[in-house]
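Student: Could you take me through one part of this model closely, starting from the chain as a whole and then settling on one residue and its surroundings?

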Amino acid sequence: MAVKKAIIPPGLPAPIGPYSPGVVIGEFCFVSGQLPLPLDGGPIPEGIEAQTERAIGNLEAVLSEEGFSLAHVVKVSLFLSDLDDFPAMNEIYARHFPAPRPARTVVAVSRLPRGSRIEIEAIAHR
């Protein structure tokens, strides 16, 4: 049986609940929803563009801790507090995820933690 290992990257903002930022089991990496929390603990940036960049950066930090990258991502789930942010988010997302791009779900939600406009979770495979 494969061993489950929590990923808690140094320098990444601490989880805001009882969960691991990521979990590796076998050749898979499951990354919890990443908010656009700055690494320095400052406030969430303004605007969906900056928030998308920061959330993807946090996702990359969790993945890289165990040798994964965005190229390993096979499934992404995106949560937006406003679907009007979709075009701007999508433009930034497209720049970060190489072809073949992962399967993806985008869901509108009424609210996200800390007033964020976006949250991104992913599954990666080596």
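Tutor: What follows goes from the whole chain to Gln-34 and its surroundings, and then to a few other sites.

This is a predicted model, in which local features need pLDDT of at least 70 and side-chain atom pairs count only at pLDDT 80 or more, while totals for chains, interfaces and linings use all residues. Residues are numbered from 1 along each chain as its sequence is written, and side-chain values use heavy atoms, with hydrogens and water left out.

The chain contains 2 helices and 6 strands, where helices (H or I, at least four residues) and strands (E, at least two) are DSSP runs numbered from the N terminus. Read from that end, the order of elements is β-β-β-α-β-α-β-β. The chain is as compact as a globular protein of its length, because its radius of gyration is 14 Å, close to the 14 Å that the globule rule gives for 126 residues; the radius is taken over C-alpha atoms, and the rule is 2.2 Å times the number of residues to the power 0.38. Along the principal axes, the C-alpha atoms fill a box of roughly 45 × 30 × 25 Å.

Of the 126 residues, 37% are buried, a word that here means under 20% relative accessible area, with exposed meaning over 50% and partly exposed the range in between (1.4 Å probe, protein chains only). Contact means heavy atoms within 4.5 Å, and among contacts between residues at least 6 apart in sequence, 67% join residues at least 24 apart.

Now to the part itself. Gln-34 belongs to strand 3, which covers residues 28–34, and with a relative accessible area of 7% Gln-34 is buried. A polar atom of the Gln-34 side chain lies 3.1 Å from the backbone oxygen of Ser-32, which falls under the definition of a polar contact: a pair of N or O atoms within 3.5 Å, where within protein one must be able to donate a hydrogen and the other to accept it, and residues adjacent in sequence count only if both atoms are side-chain atoms. Leaving out residues up to four places away in sequence, Gln-34 touches Leu-12, Pro-21, Ala-55, Asn-58, Leu-59, Val-62, Ile-118, Glu-119 and Ile-120.

Two of these partners, Asn-58 and Glu-119, can be followed further. Asn-58 sits in helix 1, residues 48–64, and is buried at a relative accessible area of 1%. The side chain of Asn-58 has a polar atom 2.9 Å from the backbone oxygen of Leu-35, and, again not counting residues up to four places away in sequence, Asn-58 touches Leu-12, Gln-34, Leu-35, Pro-36, Leu-37 and Leu-39. Leu-12 thus appears in the contact lists of both Gln-34 and Asn-58.

Glu-119 is in strand 6 and counts as buried at 18% relative accessibility. Apart from neighbours within four places in sequence, the contacts of Glu-119 are with Gly-33, Gln-34, Leu-35, Ser-77, Leu-78, Phe-79, Leu-112 and Pro-113. Glu-119 and Arg-54 are 65 residues apart along the chain, and their C-alpha atoms are separated by 10 Å.

Leu-78, one of the residues that Glu-119 contacts, also leads to helix 2. Tyr-93 is placed in that helix and is buried, with a relative accessible area of 4%. Beyond residues up to four places away in sequence, Tyr-93 touches Ile-56, Val-76, Leu-78, Pro-102 and Arg-104, and the C-alpha atoms of Tyr-93 and Leu-78, 15 residues apart along the chain, are separated by 10 Å.

The loops supply some further sites to inspect. Glu-46 lies in the loop between strand 3 and helix 1 and, at 72% relative accessibility, counts as exposed. Most residues other than glycine have a negative phi, and most peptide bonds are trans. Against that background, Ala-99 and Pro-100 are joined by a cis peptide bond with omega about -5°, and Pro-100 is in the loop between helix 2 (86–96) and strand 5 (103–108). Arg-114, although not a glycine, has a positive phi of about 60°; Arg-114 is in the loop between strand 5 and strand 6 (118–125) and counts as exposed at 56% relative accessibility.
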